[in-house]
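The exercises below go with a single chain model. Work each task on the structure before reading the solution.

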Amino acid sequence: MSILGLKKKQPKTFKVKVITMDAEMEFSCEVKWKGKDLFDLVCRTVGLRETWFFGLRYTVKDTYAWLKPDKRVLDQEVPKDSPITFNFLAKFFPEKVEEELVQEITQHLFFLQVKKQILDEEIFCSPEASVLLASYAVQAKYGDYDPNFHKPGFLAQDELLPKTVVMQYQMTADMWEEKITAWYAEHRGLARDEAEMEYLKIAQDLEMYGVSYFEITQNKRDTNLLLGVDAQGLHIYSPNSKLTPNKSFPWSGIRNISYSEKEFTIKPLDKKKDVFKFYSSQLRVNKLQMSMLRLELIMFHLTMKTKEEKRLMEQKMREAEQLAVKLVEQSERRLKEADHLKQDLTEAKDAERRAKQKLLEITKTTYPLIAAYSAPPAPPAPPEAADFACESPPARLDFKDSDMKRLSMEIERERLEYMEKSKHLQDQLKELKSEIESLKLEEQQQQQASLYNMHSEARGYIQEPVYIAHSNRNSAYMSQMAYFEEV
C-alpha cells in the first residue's frame, strides 16, 4: 500500500451548533463553506428576511468576534470544538423599532435579546420601567389576564425583573407580582407581537440600549475609559458610569476613523476641530473595535441615504397619487363627454329616422298628385259626361314644382347635416379613445421608469461605502460591509 493510501482522509464536512434566543440548531457544513453560506442557511431555517441586523458570534479566548461572511468558516479563529458553537444575535440595533422592524420573527428575536440584556443588567432600567416592561412580557407570554385562571403565584417561576431592582426594595415576591399583575391587566386585547413591540418601544429609549462597550485609555498613562458604540455615534464614558458619556462624537460629524496597532484616531468632519486619539492594549479587541466602528459608520451613512431615498420615494408616491387622481378626473370627464357624444349621436340617428319617415309619408301623399299632374290631357267628354262633371265638385290641384323642389332640398340639407354631425361625433369618439389609450400608456411608462430608477438607485448606492438601508437591504450590502471588517 502506498504512503498516500496510509494518510488519513480529510473530512469533507464539519458540525456546527447555532444557538438563537429561543432554539438550538445543528448543521452539517461543507469544509469549503464561507461565513455567508452558514449565515444564509441559518436565516432560511429561522425564516428571517431582515438579515442585515444579525450575525453569528463566537467566543475566542477572552473576547468574542463575529463570523466574517466572505471568509471560509474554518479559516477564521473559530473554536476547534465539534460541533463549533455560534450564537445568532442582533449585531445592530435600530433607532426606531416600530418603523424599521417589519417581520414578526425579527421583532420576536429582538424582544428576547433585549429582555435578556435588561435582566442580565447589561442595559440599565429603572424600577418603574422594569415593572412596566415585565407586564408587557407577561402579556406576550400568557395573553389576556383572567383572574379566574391567573391565580396568585402564577408568575413565581418567571424571571421578570433585574436582581438589583428586586434587592433595592424591601418587597416580597408576592408584592412584586401584585404590581406587575396590576399593569398586566391593563394590556387586555394586545396580541403577542403587539405586546413585544410595546416592550421594545420602551426599551429603545433606555440609555444603554444598543450600546457596545470597549475598554480604552485616552493616553499612554493608562487612564481607564470606556468607548461606547451605537447607532448615534461614539461615546466616551467613565468606567463607573455607563449612562452619561463624558464626550460624544455623532456619526454625522465623523470624517474618518483610523487604526494603527494600539492607537485609534477619530477625525471630525469639521477640520477646525481637534483630532481625538485613544489607545487599547489588546490587539484582538482592537480589531473588533475597528470593525465595529467602521461598520457603524458605514451603516450610519447608509441610513442617511436610505432616509433621503425614503423621502424621495414618498414624494414620488405623492406625485403618483396626484397624477392618478388627475387621470381619474380626466377619465371621468372624458367618459361624461363620451356619454354626451353618444347621446348626441343617438339623437342624430333618431332625427334621421324621423326625416326618412317624413319623406316616405310625403312621397306617398304626393305621388298620386304628381302622376295626375304629369299625365297627358284627356279627350273632351261627351255632353252627358260634361253634365255629370259639372254636377260633381271640381278637383283642386295645389301641388307645384317649386314645392317639391323646396321639400327635396330641405330633406337633402337635413341628410347632409346629419352625415356631417355623425362624422364629427365619430371623429371625436376616436380622438377620445386615442387620448385615453395614450394616457394609460404614459402612466404605465412612468410607473415602469419610476420602478426602474428606484431599482437602479438601490443597486447603485450599495457600491458606495455608506450606511444602513433599514427596510430594503439585501445580501450585496453585507458583502460590502464585510470589506470594511478586514483590518
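**Exercise 1. The surroundings of H150**

Which residues does H150 touch, not counting residues up to four places away in sequence?

Solution. The model is a predicted one. Begin with the location: H150 lies in the loop between α5 and α6 (163–168). Next, list the contacts: H150 touches Y142, D144, Y145 and Y184, with residues up to four places away in sequence left out. Then take the accessibility. Buried means under 20% relative accessible area. H150 has 5% relative accessibility, so it counts as buried. Last, compare chain distance with distance in space: H150 and T181 are 31 residues apart along the chain, and their C-alpha atoms are separated by 9.3 Å.

**Exercise 2. A ring pair between α5 and the loop that follows**

Determine how the rings of Y142 and F154 are arranged, and whether each residue is buried or partly exposed.

Solution. A pair of aromatic rings is described by the distance of the centres and the angle of the planes. F93 and F110 serve as a reference pair: with 5.7 Å from centre to centre and 80° between the planes, the pair is edge-to-face. F93 sits in the loop between β5 and α3 (97–100) and F110 in helix α4, 17 residues apart, so the pair links distant parts of the chain. Both F93 and F110 are buried. Now turn to the pair in the task. The ring centres of Y142 and F154 are 5.6 Å apart and the planes stand at 80°; planes over 60 degrees apart count as edge-to-face, so this pair is edge-to-face. Y142 belongs to helix α5 and F154 to the loop between α5 and α6, so the pair ties together parts that are twelve residues apart in sequence. For the accessibilities, Y142 has 28% and counts as partly exposed, whereas F154 has 18% and counts as buried.

**Exercise 3. The aromatic cluster and charges over rings**

How many aromatic pairs does the structure hold, and which residues do ring pairs link into a cluster?

Solution. The structure holds 15 aromatic pairs. Ring pairs join F39, W52, F53, F54, F88, F93, F110 and Y209 into a cluster. F39 also appears among the contacts of T51, which touches F39 and C43 when residues up to four places away in sequence are not counted. T51 lies in the loop between α2 and β3, and its relative accessible area is 16%, so it is buried. Rings can also be examined for a charge above them. The charged end of R57 sits over the ring of Y64, 4.3 Å from the ring centre. Likewise, the charged end of K242 sits over the ring of Y213, at 4.9 Å from the centre.

**Exercise 4. The five-stranded sheet**

In what order do the five strands of the open sheet stand, and which strands are at its edges?

Solution. The order is β2-β1-β5-β3-β4, and the pairing is mixed. β2 (24–30) and β4 (63–66) are at the edges; each has a single partner strand, so one side of each is left without a neighbour in the sheet. Neighbouring strands are turned by 35° against each other on average, direction ignored. Inside the sheet, strand β1 (residues 13–19) runs parallel to β5, joined to it by four bridges, and V18 has F86 of β5 as its bridge partner. Two helices are then placed on the sheet. α2 packs there with contacts to β1, β2, β3 and β5, and its direction makes about 140° with that of β2. α4 also packs on the sheet, touching β3 and β5, at about 105° to the direction of β5.

**Exercise 5. Helix α4**

How many of the 16 residues of α4 are buried, and which elements do the buried residues pack against?

Solution. Helix α4 covers residues 104–119 and reaches 22 Å from its first C-alpha to its last, close to the 22 Å expected. Twelve of its 16 residues are buried, so α4 is largely enclosed by the rest of the structure. The buried residues include H108, F110, F111 and Q117. They pack against α2 (35–46), β3 (54–60), β5 (84–90), α5 (127–142) and α8 (192–203). After the helix comes E121, with a positive phi near 65°.

Key
Residues numbered from 1 in each chain as written. Predicted model: local features only at pLDDT ≥ 70, side-chain atom pairs only at ≥ 80, totals over all residues. Heavy atoms only, no water. Expected span 1.5 Å × (residues − 1). Buried < 20%, exposed > 50% of the residue type's maximum accessible area, 1.4 Å probe, protein only. Contact = heavy atoms within 4.5 Å. Pairing = 2+ DSSP bridges. Axes fitted to C-alpha atoms, helices over the stretch in contact; angles between N-to-C directions. Phe/Tyr/Trp six-rings, centres within 6.5 Å; stacked < 30°, edge-to-face > 60°. Lys NZ or Arg CZ within 6 Å of the ring centre and 35° of its normal.
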